[in-house]
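Please consider the model shown here and the exchange that accompanies it.

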Amino acid sequence: MLEFTYTMPTKIIAGRNCLEKNREVLRNYGKTCLIVTGFRSSKLNGSLEDVIDALENENIKYNIFDKVEENPSLETVEAAYLENKDKNIDFIFAVGGGSAIDAAKAMAILFRHHITGEEMLSLKNLKGIPLLALPTTAGTGSETTPYSILTLHDEKQKRNIGQKIFPEIAFLDARYTLNMPYSITTSTAVDAFTHLAEGYLNTKANLLSDTLAEKGLQVFGECLKSLVKKDCSLEVREKLLLASTMAGMVISQTGTSLPHGMGYPLTYEKGVPHGTANGILYPGYLSIFKDRTKLNRLLELIDVSSIDELSKIFHQILEFEVILTDKEIKTYVDGILSNEKKLKNHPEKVTREELTMIYKTMITK
Ligand code: NAP
Ligand code: ZN
């Protein structure tokens, strides 16, 4: 029997100048807002100024926390809360890449429950104060996922905090991504692709997530050749942002799979950007599928003839450097073998030898 659930509570407002055109929706969320953003980019690409303008025009007071680092830590989330806990914050507006949005999700919980970061990690089913998101990268899809991935230095790892916080609204305006450097554009674009692929080739995939994944893969495929040619026009960036948000909608149903679990140590230990860390594991990951029906359809949708061709494209567009020793590979394989969730999301049984091979055949420069 056809059996599934589908939840997507985030309202999506897309288009050039969509925040300015729809700023009256901000009134629904209260009188005082905390803007959460990274150190620099939102000041340079105009997104922070536009959020401030929209709030001021709606007579909403605001404070700014602009210290979210890449791969944000629990300490940063707590710092934002401690700095602003006495300011009657009604809602949060996250402006930036996945790091700002993920950090803001965890902050939303602290502002609602007035608890420590440690307590947030140990309690279940916590809600947050309302969160609005304006993504300025096209990759994580965090604006349409319930996940918050934080760096937990005490545990020496990055992981999902295990709460479900969907933003109330995602404002999609690709103009803010126009000046993103090529290396961040490609790494984040590959992250979006890996969400679509891991959601599509997933035990939990269902009719609706596959419908989104197939369209998202097709849209991503339309951008791939442009990325190779370094054509990052606004039209290409709009498609990438759309693919990224659709990919978020897919993984919000399915979760991600082996490459995401295996890529986290490459980011935490080796500093490889998140999307690149997943993408370089794809030659081995795709080759372990015994049933190739959906894999072949995926390649068709992105208009790539083989796993080998996709690897060559990723080799060309991604900028990185990483070398692993046999000892490191063994440690990382032990890590993914203890990650039940990611193993469960992979639809076939997977062996230690196959996981080792995925690291050994990773794309290198
Ligand atoms: P990011 O870490 O948010 O940002 C990477 C860099 O890009 C930063 O230096 C940032 O600068 C800069 N940047 C952001 N927007 C820019 C723009 N428009 N122009 C120029 N530079 C820009 O990168 P991300 O890939 O979007 O997010 C990665 C994080 O998201 C990871 O922690 C990953 O684990 C997580 N993630 C979450 C989900 C989810 O579902 N929640 C899914 C996948 C990944 P500033 O710091 O100055 O802003
Ligand atoms: Zn990802």
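The questions and answers below concern a metal site, a helix, one residue and the cores.

This is a predicted model, in which local features need pLDDT of at least 70, side-chain atom pairs count only at pLDDT 80 or more, and totals for chains, interfaces and linings use all residues. Residues are numbered from 1 along each chain as its sequence is written, chains are lettered from A and ligands numbered from 1 in the order in which they are written, and side-chain values use heavy atoms, with hydrogens and water left out.

Reader: Which spacing do the donors of the zinc ion (ligand 2) follow along the chain?
Author: Donors are N, O and S atoms within 2.8 Å of the metal (3.2 Å for Na, K and Ca); water is not among the atoms, so sites may look incomplete. Asp191 (OD), His195 (NE2), His260 (NE2) and His274 (NE2) are the protein donors, 2.1 to 2.2 Å from the zinc ion (ligand 2). Along the chain, their spacing is D-x3-H-x64-H-x13-H.

Reader: Histidine 195 and histidine 260 tie together parts of the chain; how many residues apart are these in sequence?
Author: Helices are DSSP runs (H or I, at least four residues), numbered from the N terminus. Both histidine 195 and histidine 260 are buried (under 20% relative accessible area; exposed is over 50%, partly exposed in between, with a 1.4 Å probe and protein chains only). Histidine 195 lies in helix H7 (residues 182-200) and histidine 260 in helix H10 (residues 258-270), so the parts that they tie together are apart by 65 residues.

Reader: How many of the residues of H10 are buried?
Author: H10 reaches 18 Å from its first C-alpha to its last. Its buried residues include His260, Tyr264 and Leu266. H10 is mostly covered, the buried count being 10 of 13.

Reader: Which residues is tyrosine 6 in contact with, leaving aside neighbours within four places in sequence?
Author: Tyrosine 6 is partly exposed, at a relative accessible area of 31%. Contact means heavy atoms within 4.5 Å. With those neighbours left aside, the contacts of tyrosine 6 are Leu208, Leu212, Met249 and Gln253.

Reader: Which helix gives the most to the largest nonpolar core?
Author: A nonpolar core is a set of buried Ala, Val, Leu, Ile, Met, Phe, Trp, Tyr and Cys residues joined through side-chain atoms within 4.5 Å. The largest has 69 residues, and Phe193, Leu266 and Phe314 are among those that touch the most other members. With nine residues, the helix that gives the most to this core is H9 (residues 234-254).

How values were computed:
Helices (H or I, at least four residues) and strands (E, at least two) are DSSP runs, numbered from the N terminus. The expected span of a helix is 1.5 Å times one less than its number of residues.
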